[in-house]
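Colleague: I am new to this structure and would like to go through parts of it by question and answer. Please show it first.

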Amino acid sequence: MLKVGLLGAGRIGQVHAVNIAGNARSTLVAVSDVYEQAAEKLAGDYGAEARTSEAILNDPAIDAVLIATSTDTHSDLIEAATAAGKAVLCEKPVDLSLERAKACLAAASDTGRPVMIGFNRRFDPNFSALKEASLRGEIGKSELLALTSFDPAPPPVSYIKVSGGLFRDMMIHDFDMANFLMGERPVTIRAVGSSIVDPEIGAAGDVDTAVVTMTYADGKIAVIKNSRRAVYGYDQRVELLGSEGLLQAQNMLENTVVKSTVAGVSSAKPTYFFLERYMPAYATEWEAFVAAALDGTDMPVTLEDGIAALAMAEAATQSAKSGQVVEIDY
């Protein structure tokens, strides 16, 4: 049984608490949050204790921690947790700074403790099935990848100001998905971004609409499209073109009913947001982490994977500001 401390009792912390408590091989021991009442409420829901993060990290009876705190705390907590001998699952991104994230990797590696980064989309059954079909050679050699990721509505500007920007906060999922599906990392990136959804986002120094084009050493291309607003729901699609065919993963819909009449054909909208869309993926992600922590198998998403996605995000940010193609420094 994996004894777990949860650092962070916000929205994503609450998602993880469900999966920690619901897994037959893990138990939620303690919860911390900067807002003590939030920690007490969440801990009470699952028969755990509300403690400080320091107390959780210093408890030798706790085997692992899940870090669901603000991004600017991630590297420090990864280092402290691994130094304390604990396995770690940390939400993305590793840090807002690539340099700091690399220092975190060096420190954590010295401890020998396993670290997993929470790129939950790798565990979505549809994306996983597409990946497996590609590995089986069902469409020949992969040549062109297209990733679409549109949120239904932008977050508050107060969040935007501390998020690190669209490329580090939102598109970083797509950077990791590109690495996952292509099985290799791109060498150059060209990014274009603008603020057309909410002028306040632009005033805060960020973009809300962006397109990135990435090239690989052998000439393959990947294109990522992000928007903070899609009024019809959470748009999450993948298209992979190969030398012998095409693989597609379509949106998850609110229901599968299709109406066909003389007026036309209509179906339900995509599910509204990430909680509706990716809850099964979060559960599978946690199951994979528990198996690696208890059985000693390799972590399926490593700290190195997190740093690679962050390097791509930093290069995209640089490209969007300069208007130039940027070589990615991993």
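Colleague: Leaving aside neighbours within four places in sequence, which residues is Val-29 in contact with?
Modeller: This is a predicted model. Val-29 sits in strand β2. Leaving aside its neighbours within four places in sequence, its contacts are Lys-3, Val-4, Ala-48, Glu-49, Arg-51 and Ile-62.

Colleague: Is Val-29 buried, partly exposed or exposed?
Modeller: Buried would require under 20% relative accessible area, and exposed over 50%. The value for Val-29 is 22%, so the residue is partly exposed.

Colleague: How far apart in space are Val-29 and Val-257, C-alpha to C-alpha?
Modeller: In sequence, 228 residues separate Val-29 from Val-257. In space, the C-alpha to C-alpha distance between the two is 43 Å.

Colleague: What is the strand order of the open sheet of six strands?
Modeller: The pairing in this sheet is parallel. β1 and β2 pair over six bridges, and β2 (residues 26–32) pairs with β3 over two bridges. The order of the six strands is β3-β2-β1-β4-β5-β6.

Colleague: Which strands stand at the edges of the sheet?
Modeller: An edge strand here has a single partner strand, so one of its sides is left without a neighbour in the sheet. The two strands at the edges are β3 (49–50) and β6 (115–118).

Colleague: Which helix packs on the sheet at about 170° to the direction of β5?
Modeller: Its contacts with the sheet are to β1 (2–7), β4 (64–67), β5 (87–91) and β6. Another helix, α11 (residues 274–295), lies across β1, β2, β4, β5 and β6 and runs at about 155° to β5. The helix at about 170° is α4 (residues 74–83).

Colleague: Which residue of β2 stands opposite Leu-6, and how many of the six residues of β1 are buried?
Modeller: β1 and β2 pair in the parallel sense, and Leu-6 stands opposite Val-31. β1 is largely enclosed by the rest of the structure, because the number of its six residues that are buried is five.

Colleague: Which residue has the nearest side chain of opposite charge to Asp-198, and how far away is it?
Modeller: Asp-198 is in the loop between β8 (188–194) and α10 (199–203). A polar atom of the Asp-198 side chain lies 2.9 Å from the backbone nitrogen of Glu-200. Asp-198 is buried and has no salt bridge, for which a distance within 4 Å would be needed. The nearest side chain of opposite charge is that of Arg-229, at 8.4 Å.

Methods:
Residues are numbered from 1 along each chain as its sequence is written. This is a predicted model: local features need pLDDT of at least 70, side-chain atom pairs count only at pLDDT 80 or more; totals for chains, interfaces and linings use all residues. Side-chain values use heavy atoms; hydrogens and water are left out. Helices (H or I, at least four residues) and strands (E, at least two) are DSSP runs, numbered from the N terminus. Buried means under 20% relative accessible area, exposed over 50%, partly exposed in between (1.4 Å probe, protein chains only). Lys and Arg count as positive and Asp and Glu as negative; His and the chain ends are not counted. A polar contact is a pair of N or O atoms within 3.5 Å; within protein, one must be able to donate a hydrogen and the other to accept it, and residues adjacent in sequence count only if both atoms are side-chain atoms. Two strands pair if DSSP finds at least two bridges between them. Contact means heavy atoms within 4.5 Å. Axes are lines fitted to C-alpha atoms, for helices over the stretch in contact, and angles run from 0 to 180 degrees between N-to-C directions.
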